[in-house]
Amino acid sequence: MEKKDLKFGTKEWAPYNFNFMNGCSNDCVYCYAKEMAIRFKRKTSENWKEEETVSLKGKSFNKKEGNIMFPSSHDITPGNIELALTIIEKLLESNNTLLIVTKPNFQCIKSIINKFENKKNNIFFRFTIGSSQNTVLQLWEPNAPNFTDRFSSLKLAYNKGFSTSISCEPLLDNKFDILYKIIEPYVTDSIWIGKMNMASRRVKINTNSTFPIEKIDELTNWQSDKNIIDLYLKYKDNPKIQWKESIKKIAIENGLL
Ligand code: SF4
């Protein structure tokens, strides 16, 4: 494989996406969508967390040949779950397959599962969990659900027979082994691992430089090429593990892929 052949971002996961909000209450400090919204003056660092519905006029709910990532530039939260359920229903009416990507709020996941249990073959859950430690999650993803909420969501989806996968992108600490042991038994599909992209620049823009710089440095050190290669070598033959572009690139550069 060559670096030029790598897909990146949401295209690694699905050819289509569907979004219905501007802003996200989770307010993750490393958020790509937040940085873009600030750059194009749709939002500010302060008001990104205020969720606003975008117009659905002209949006297609027709059948797509390939998975639709839902959502990709915000999240499904208690503030928008009712609208999310309506949109999921419309997309499923056309027999679409949805990759639901979220930092799962337990009540939201319960609502989706209760409403669409009979459509489980068209729904793939991908829950983002970058650490098993609440202090770490809270530092980087201040308003997102805690670990218990996310883990309970994973177990519920698994026990109800849905396809489950995990996104550890970005990894938020150097304790992937601990997280893996906890979540793996409830994952039917894949566990994706990725680095935090553009950490320093993005976090500074998103937080108006109020985020502790030493925490960025610590994470950047944990995600040095050497440490990433060690992680890659440890898990490369594990059939559930998938590598995001940020890690594949390092593997290619070092002749490992
Ligand atoms: S959940 Fe996703 S969209 Fe929302 S702030 Fe976090 S990274 Fe951004």
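This report walks through a few neighbouring strands of a predicted model and the residues around its ligand.

## Strand β6, a covered strand

Let's start with β6, which covers residues 123-128. How many of its six residues are buried? Six of the six are, so to speak, tucked away, and the strand counts as mostly covered.

The side chains of β6 go two ways. I123, F125 and F127 point one way, while F124, R126 and T128 point the other way. Both groups are buried, and that includes the arginine, R126.

## The partners of β6

β6 has a parallel partner in strand β5, residues 98-102, and five bridges join the two. If you want to find this pairing in the structure, look for L99 of β5, which stands opposite F124 in β6. Another pair to look for is T102, which stands opposite F127 in β6.

Strand β7, residues 163-168, also runs parallel to β6, again with five bridges joining them. Here you can look for F125, which stands opposite T164 in β7.

## Strand β5 and its other partner

Now move over to β5. Are its residues buried or exposed? Five of the five are buried, and this strand is mostly covered too. On one side sit L98, I100 and T102, and on the other L99 and V101, with both faces covered.

β5 also pairs with strand β4, residues 68-70: the two run parallel and three bridges join them. One pair to pick out is F70 with its bridge partner I100 in β5.

## How the chain gets across

So how does the chain travel between these parallel strands? From β4, the chain passes through helix α2 (residues 81-93) to reach β5, in a right-handed β-α-β crossover. Then β5, helix α3 (residues 106-116) and β6 form a β-α-β unit that is right-handed as well.

## Around the ligand

Finally, have a look at the ligand. Which residues are around it? Going along the chain, you meet C24, N26, D27, C28, C31, A33 and K34, then S73, H74 and D75, and after those K103 and E141.

What kinds of residues make up this shell? By class, five are charged, four are nonpolar and three are polar. D27 and K34 are among the residues to find when you trace the shell in the structure.

Technical notes. Residues are numbered from 1 along each chain as its sequence is written. This is a predicted model: local features need pLDDT of at least 70, side-chain atom pairs count only at pLDDT 80 or more; totals for chains, interfaces and linings use all residues. A residue is near a molecule or strand if its C-beta atom, placed from the backbone, lies within 6 Å of it. Ala, Val, Leu, Ile, Met, Phe, Trp, Tyr, Cys and Pro count as nonpolar, Asp, Glu, Lys and Arg as charged, and the others, Gly among them, as polar. A residue is buried if 20 or more other C-beta atoms lie within 10 Å of its own, exposed if 12 or fewer, and partly exposed in between; C-beta atoms are placed from the backbone. Helices (H or I, at least four residues) and strands (E, at least two) are DSSP runs, numbered from the N terminus. Two strands pair if DSSP finds at least two bridges between them. A crossover is right-handed if, with the strands pointing away from the viewer, the path from the first strand over the helix to the second runs clockwise.
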